[in-house]
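User: Please give me a close look at a single part of this protein, namely its sheet, together with whatever packs against the sheet. I would value one connected account, with the terms defined as they arise.

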Amino acid sequence: MFYLKSIVEFYQEHKELIDKLILDGSRLIPAILGLITTPVGLFWWLKWRHRQRKIPPDIFPFDSIPSQCRDLKKRILGGEDNDPLADRNIKYQQRVESHNTKRELQRLLEEHRWVLIVGGTGIGKTREAVEVAEYFNQQGWTVLYLKPNQWLDIPARMPEEAGTDRKLLFLIDDLNQKMHRSRQEISPEAEKSPVEKFTVPLQERLLDTLERYESFCGQQEVRVIATARNEKQSYFPGEPSPWEQLQWEKYPKLWHKFHRYELPAPSNNAIVEMLAATVTSANIQSKPEDYPELARCNDATFSNVVENLRRFSVNKDLPLTPNNYEDSLKGSWEKRYQDAVKRYPASKYVYDAMDLLQQFEIVLQRFTVEPTAQIIAGGNYWQWLKNYWQIRKATKFLTDPANFLIDEEGNLKPRDGQIEAKGYQVNGGEFVLPLLGLMLKLADKHGEQILGSLLAFGNNLYNLGLLEKAIASWDKV
């Protein structure tokens with residue numbers, strides 16, 4: 001049985017260690033892990049750290065890509081060199097006839113300095129932004145790409161990691177997700193001083209950070225290109241739509257800085273050209289005379305074409321025809337989910353595990369997803385053992401390129417709408433306690449790899465009002 005001790009008692013027992021952590025927590029990661037890997041220590045730590053934890057001095061939220069870099073696309077888009085269907089390896093297409101989108105974006109960035117590309121999911125916003133960034137990079141600009149899941153804060157001085165103080169191009173992708181998540185991110189500044197806010201929306205931090213760089217370098221030395229989805233329909237009832245996540249009316253100072261560019265959907269001719277340039281290199285059976293019909297039944301996105309091609313690149317014996325082409329990205333994700341569950345029913349638990357972990361901002365790795373799927377599956381010992389092997393088979397199946405849910409290195413990278421295709425959201429509150437127990441076990445085994453996720457999980461419990469409930473439940477164990 002576990003009995004929660006009072007904060008005073010816990011502090012008295014660990015006074016020397018805690019005082020050292022207050023002075024310099026960043027150098028005592030092993031000690032922190034030892035402290036938090038018990039329920040008592042974790043809950044005390046979660047309460048104490050809100051005002052005491054210091055931000056490590058070496059955190060830089062951008063990937064700094066020096067000018068004239070040869071692998072800029074690889075660093076941002078990833079993908080294997082020998083994969084013809086990796087995003088960066090697919091030949092760039094002019095999306096509208098007699099209209100050079102790339103050149104227009106280059107001109108707008110020169111004129112307005114801050115450009116926001118908006119458009120629907122899958123039409124190629126990220127690729128257009130990367131193409132523009134690559135052009136400027138070859139002209140001598142350093143590209144600072146905001147990495148996923150990084151805290152963006154206002155620099156006190158010009159960071160050395162930026163590599164230069166001249167010609168900086170900031171690339172910020174998918175602002176919707178980043179801004180929506182920032183509602184619950186705890187500011188490291190709040191842990192330095194009790195007068196600071198606990199949460200600072202990304203909209204505020206982004207404006208202040210970029211303007212600070214402009215003050216360091218001069219406005220003419222800074223450019224910003226960003227992307228955001230503009231759908232006004234939400235994935236789940238009660239959740240804000242991608243458009244609402246940006247909060248245009250609430251943060252006019254930020255949005256007025258950007259020149260907004262509505263990206264046109266690719267024309268049918270662009271889809272035909274893409275098919276002609278990719279089908280052969282991907283070793284897919286298809287007839288060129290079918291391309292116009294495939295383009296007509298496509299959902300006006302590049303992503304849907306790519307996902308169809310990935311499906312047929314795996315099924316080499318199946319020809320790509322208008323009769324078996326999935327006409328929408330949404331339909332493609334739904335069909336893949338249904339096919340996965342039909343072939344391996346435990347795939348349902350894998351999808352649900354990813355859904356649950358994303359809600360609490362826990363890192364998506366096989367070592368977190370598979371045991372979380374076990375938790376969701378439930379059952380007695382024999383059922384647990386059966387589910388264990390079924391979940392592992394399902395995870396292996398979802399590693400196939402045709403599914404593109406897990407890559408060969410074991411990282412989980414769901415695309416927009418892929419997890420949502422299952423049609424419902426897991427109730428995170430139902431799994432707080434078992435997920436807490438899992439995180440404590442993983443902290444022992446994976447150390448620093450899981451520390452950030454453990455603290456993010458604690459922050460989420462606190463912000464969602466579930467921390468006290470978890471404490472009370474542990475007290476009854």
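Analyst: The account below starts with the basis of the values, then treats the sheet, the helices beside it and a few further sites.

This is a predicted model, in which local features need pLDDT of at least 70 and side-chain atom pairs count only at pLDDT 80 or more, whereas totals for chains, interfaces and linings use all residues. Residues are numbered from 1 along each chain as its sequence is written, and side-chain values use heavy atoms, with hydrogens and water left out.

The protein chain holds 21 helices and six strands; helices (H or I, at least four residues) and strands (E, at least two) are DSSP runs numbered from the N terminus. Of the 477 residues in the protein chain, 50% are buried. Here buried means under 20% relative accessible area, exposed means over 50%, and partly exposed lies in between, with a 1.4 Å probe and protein chains only. Among contacts between residues at least 6 apart in sequence, 75% join residues at least 24 apart, a contact being heavy atoms within 4.5 Å.

The six strands form an open sheet with the order 1-3-4-5-2-6 and mixed pairing. Strand 1 (62-65) and strand 6 (259-262) are the edge strands, each pairing on one side only. From one strand to the next, the twist averages 20°. Two strands count as paired if DSSP finds at least two bridges between them. Strands of a sheet pair through backbone hydrogen bonds, either parallel or antiparallel.

Both senses of pairing can be followed at strand 3. Strand 1 and strand 3 (residues 142-146) run antiparallel and are joined by four bridges. Within this pair, D63 stands opposite Y145, and S64 has L144 as its bridge partner. Strand 3 also pairs with strand 4, in the parallel sense and over four bridges; there, L169 of strand 4 is the bridge partner of V143.

Strand 3 is mostly covered, with five of its five residues buried. In a regular strand the side chains alternate between the two faces of the sheet. In strand 3, T142, L144 and L146 lie on one side and V143 and Y145 on the other, and both faces are covered.

Two helices that pack on the sheet come next. Helix 7 (residues 125-138) touches strand 1, strand 2 (114-119), strand 3, strand 4 (168-172) and strand 5 (222-229), and its direction makes about 170° with that of strand 5. Helix 9 (residues 202-217) also packs on the sheet, touching strand 1, strand 2, strand 4 and strand 5; its direction makes about 170° with that of strand 4. Axes are lines fitted to C-alpha atoms, for helices over the stretch in contact, and angles run from 0 to 180 degrees between N-to-C directions.

Helix 7 has a further partner in helix 6 (residues 101-112): their axes come within 10 Å and cross at roughly 65°. Helix 6 passes helix 7 in a right-handed crossing; a crossing is right-handed if the near helix is turned clockwise from the far one by less than a right angle, and left-handed if anticlockwise. On helix 6 the contact is made by T101, K102, L105, Q106, L109 and E110, and on helix 7 by E128, E131, V132, Y135 and F136. By class, this contact has five nonpolar, two polar and four charged residues. Ala, Val, Leu, Ile, Met, Phe, Trp, Tyr, Cys and Pro count as nonpolar, Asp, Glu, Lys and Arg as charged, and the others, Gly among them, as polar.

Two loops leading into strands deserve notice for their backbone angles. R113, in the loop between helix 6 and strand 2, has phi near 70°, a positive value in a residue other than glycine. R113 counts as buried because its relative accessibility is 14%. K167, in the loop between strand 3 and strand 4, likewise has a positive phi, near 55°, and is not glycine. K167 counts as partly exposed because its relative accessibility is 26%.

One further loop site completes the account. Y424 is found in the loop between helix 18 (381-397) and helix 19 (432-446), and at 29% relative accessibility Y424 counts as partly exposed. The C-alpha atoms of Y424 and F236 are separated by 7.3 Å, although these residues are 188 apart along the chain. Leaving aside neighbours within four places in sequence, Y424 is in contact with F236, Y337, K348, D352 and D355.
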